Amino acid sequence: MHARRPGDEGMRAFIGIGLPPECRRAITDAVSPFRSRRLPVAWTPEPNLHVTLKFLGEIPQERVEEIASRLQDAGQGIPPFDLLVEGAGGFPSLRSPRVLWIGIREPLELVGELQENMENALSGAGFPREERPFHPHITVGRARGRIPPAWGEEYSRVLSGQRFGTVGVSSFQLYESRLSPRGAAYAVLRDIPLPREPERTEREEKGK
Ligand code: 2AM
């Protein structure tokens with residue numbers, strides 16, 4: 001371990017799917033009655049609402065290109081898709097939630113495939129695989145203390161039937177997360193387009 005030196009440029013990074021303003025606004029509006037109850041929850045600021053695909057942690061600046069190129073490979077064969085944002089819940093349980101989330105309903109298989117490709121592409125570059133099963137979600141709050149047991153269940157019940165948007169996803173993003181006493185601020189380092197003509201379809205066409 002060594003302290004960071006000047007010029008030793010590094011950053012905290014993760015990969016995710018950004019959400020358009022209308023979807024983020026719909027989520028904020030739906031969650032706002034819960035926010036006003038002053039529970040020990042750190043609520044995600046509206047601009048930061050996203051779906052995390054993989055957390056990378058600290059990376060050196062000079063690895064950004066290599067990581068972006070591996071991510072582009074991971075996206076091959078994944079066509080652009082519509083993300084259905086719906087439902088709500090808590091991890092690890094609704095009776096004692098540490099993370100409050102808004103859900104992704106579709107297309108779970110495709111998003112899972114993208115995430116799996118990414119784990120494969122990045123494990124070859126020294127990023128350990130996520131051991132926990134992948135449950136795509138949008139974190140809207142993190143518990144900072146004890147939440148009354150009935151509260152998480154109410155959160156889920158009230159929001160579970162609600163739809164927060166159908167989001168056209170034609171790219172995903174490598175983000176930098178800058179931490180400060182005012183919270184995290186995310187910046188897109190690279191926007192990675194999903195291929196319009198996925199290789200899979202081309203292969204399937206040729207195989208016909
Ligand atoms: P989550 O909110 O979807 O759980 C950016 O910091 C994102 O990376 C967060 O939104 C969080 O995803 C995820 N993240 C942050 N710290 C992490 C860690 N130590 N391990 C795994 N994921 C982390």
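Helix packing, fold and backbone exceptions

Modeller: In this predicted model, H2 passes H3 in a right-handed crossing.

Colleague: What are the angle and the distance between the axes of helix H2 and helix H3?

Modeller: Helix H2, residues 64–75, and helix H3, residues 108–123, have axes that come within 8 Å and cross at roughly 140°.

Colleague: Why is H2 called oblique to H3?

Modeller: Angles over 145 degrees count as roughly antiparallel and those from 65 to 115 as roughly perpendicular, while the rest, apart from those under 35, are oblique. The angle here is roughly 140°, so H2 is oblique to H3.

Colleague: Which residues make the contact between H2 and H3?

Modeller: H2 contributes Arg 70, Leu 71, Asp 73, Ala 74 and Gly 75, and H3 contributes Leu 114, Asn 117, Met 118, Ala 121 and Leu 122. By class, the H2–H3 contact has six nonpolar, two polar and two charged residues. Gly counts as polar, so Gly 75 of H2 belongs with the polar residues.

Colleague: What makes up the secondary structure of the chain, and in which order do the elements run?

Modeller: The chain has five helices and nine strands. Starting at the N terminus, the order is β-α-β-β-α-β-β-α-β-α-β-β-β-α.

Colleague: Why is the chain called as compact as a globular protein of that length?

Modeller: For 208 residues the globule rule gives 17 Å, and the radius of gyration of the chain is 18 Å, which is close to that, so the description holds. Along the principal axes, the C-alpha atoms fill a box of roughly 55 × 55 × 30 Å.

Colleague: What makes the peptide bonds before Pro 92 and Pro 107 exceptions?

Modeller: Most peptide bonds are trans. The bond joining Phe 91 and Pro 92 is cis, with omega about -5°, and the bond from Glu 106 to Pro 107 is cis too, with omega near -10°. Pro 92 is in the loop between strands S4 (81–91) and S5 (99–106), and Pro 107 is in the loop between S5 and H3.

Colleague: What is the phi of Arg 38, and where does this residue lie?

Modeller: Most residues other than glycine have a negative phi. Arg 38 is not a glycine, yet its phi is positive, about 55°. This residue sits in the loop between helix H1 (21–35) and strand S2 (41–43).

Colleague: Which residues surround the ligand, and how do they divide by class?

Modeller: Phe 14, Thr 52, Phe 55, Val 99, Thr 139 and Ser 177 are around the ligand. The shell divides into three nonpolar, three polar and no charged residues. Phe and Val count as nonpolar, so Phe 14, Phe 55 and Val 99 are the nonpolar residues of this shell.

How values were computed
Residues numbered from 1 in each chain as written. Predicted model: local features only at pLDDT ≥ 70, side-chain atom pairs only at ≥ 80, totals over all residues. Near = placed C-beta within 6 Å. Axes fitted to C-alpha atoms, helices over the stretch in contact; angles between N-to-C directions. Helix = DSSP H or I, 4+ residues; strand = E, 2+ residues; numbered from the N terminus. Left-handed = near helix turned anticlockwise from the far one by under 90°. Contact = placed C-beta atoms within 7 Å. Rg over C-alpha atoms; globule rule 2.2 N^0.38 Å.
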